[in-house]
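Hi there,

Here is the model I promised to pass along. Please have a look, and my notes are underneath.

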Amino acid sequence: MDAFVVETSGLVKSFGRATVLNHLDLQVPKGISGFIGKNGAGKTTTIGVLLGLLKPNGGKATIFGLDCWRESFQIRRRIGIMHEVNAYPGGFTAQRFLEHVARIYGVTQANQRVRQVLKDVGLSDAQDKPIKAFSAGMTRRLGLAQALISDPEFVILDEPTANIDPLGRVALLDRIKEMHKQHGTGFLISTHILSDLEKVCSWLSIIDAGKIVDQGNIEALAEKYSANIYKIEVSDPQVFVERVQMLSAVERVWIEDGKVYCKVQDPAVFYSEIPRIASELKLQLKGFQHMLGTLEEIYTKTSGGS
Amino acid sequence: MASFFSLLRWELEEYLSFPVLAFLIVSAIAAVLFQTNSGGHITSERSYISLFHTSGTVFLFLTFCAGVFFSRSFAGAVGKGETKLMLSYPVKRWQLFLSKFTALFPIIFVIYGAAYALLLYFNSISVFEPMFFVTLLAFLLQLMLTCGVSVAVAMVTKSEIISILASLLFLLGIDSVGGAGTYLSAQGRLKFLFSYFGDLIHPDVPPFTEFSATAGDAATAVVVPVVIFLVLFVAAFVYFTRFMEVD
């Protein structure tokens, strides 16, 4: 595993008596990672601590190995951020706003960079339009543009697809994927919309009540939280199903699109029995695949079904 | 320092762009014209003393405008999430704080000072009249006091509307309660300064027959708002740069 870009250990953040982050141990590698949790789980507070906007009450938070509170300035020079709440100056045009941001980052040839980023996020046609006239989707894309203006190593996106229509969401996520592919930019996407992450992420951290309940490579988590469903392709599904139903290791069997699906109680027994049954019935075993758990299954199991 | 000047340009463009700047200028001119038209005795005197009598509305408008602008820039920016956005960029907190102050303070002062200079024309007073600069000093002190109070209240409330109301009620309340007899009220300070410097510069035409201020009174009239400004401003600065959490 690569070194983690973002790492927190035992991170605690309280507001008065309310503890929002309760010994949070977050690890985020370079790549596109998802940070998922229900509303109020502590995602935005974690981002606040990572950016040095909130001072932790305990524990440690680092990005690139730099302390998030004491070395926040150095961190912010290397990352981009898109907040959940749009606070962009409505009277500015997109071009003017991004020029200001570029100058703050000390971007050389700011005008050229602004044009490039606007093109990258698909806002070239709207560069002279005041931000207050932007639609929700355009504003989110502008948020992505300002996060990318300095060509950062790592970008944190807080609810990037909030309030935008399904097509806009797909387009935005495609852009993120493209950025990662073209420039190797790392992304941490904080969201409560599971389907968004399924499309782009390779790593997932799940937060619930201020704690990381699980995190890891998406495939590994899918394996871990899979519902033990197997897909089998055989030459005669009907004959095969009648025989498989008799196995005590199998909970349920059904046919869908000519393929046999089995929900299994004892995978070890099931694995050894299937080839034997196929052979016994003289059926051709064309495919045998473990169906990995969906993000929804992972999330439901880790977050207690809430 | 590049970031500081970038922030300064941002603040100027955002808070003092066309309609807002126009409003500021018009309000300053209106304050001067309103007072000129309402005071019957002003045109008859035709002397530096008219500067004292015509300052009341200007102090009121200045306090109101400065209170609103500082509250918008400091508390409003926190409430709207602008401060959070800015502090997510590679910006040092002191740069953001001072850029807000630097963008607003001199411009408000220059606009009101320039508008007030119209009175020199209306009253046929020389532009080099020293008492004009004494009046400007009183405006500067009032602006400092308004700035200190508004910024400090903004840091506590982090709400634009509460900050505007609280600071204006406080400042205008002092003026209303204290009248012209206290160093804390705008008219009071101007009275002490006008009396002392008027006696000194124009001994032949004393500004007040019944009242005479000493050098100590004039010094106190300057020191009190400056100290209040410094204490509140430094406290707000330290809080913003060292302790404030942006949620």
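Below are some notes on the nonpolar cores and the cysteines.

This is a predicted model, in which local features need pLDDT of at least 70 and side-chain atom pairs count only at pLDDT 80 or more, while totals for chains, interfaces and linings use all residues. Residues are numbered from 1 along each chain as its sequence is written, chains are lettered from A and ligands numbered from 1 in the order in which they are written, and side-chain values use heavy atoms, with hydrogens and water left out.

A nonpolar core here is a set of buried Ala, Val, Leu, Ile, Met, Phe, Trp, Tyr and Cys residues joined through side-chain atoms within 4.5 Å; buried means under 20% relative accessible area, exposed over 50% and partly exposed in between (1.4 Å probe, protein chains only). The largest such core has 148 residues, and A:Phe97, A:Phe187, B:Phe70 and B:Ile108 touch the most other members.

B:Phe70 is in contact (heavy atoms within 4.5 Å) with residues including B:Ile108, B:Leu143 and B:Cys147, leaving aside residues up to four places away in sequence. A second, separate core of 16 residues includes A:Ile232, A:Phe240, A:Cys262 and A:Phe270.

What about disulfides (pairs of cysteine sulfur atoms within 2.5 Å)? The count is 0 over all chains. B:Cys147 is buried, at 0% relative accessible area, and its sulfur is too far for a bond because the closest cysteine sulfur, in B:Cys65, is 14 Å away. A:Cys201 also counts as buried, at 11% relative accessibility; the closest cysteine sulfur to its own is in A:Cys68, 20 Å away and so too far for a bond.

Best wishes

Methods
Disulfide = S-S within 2.5 Å.
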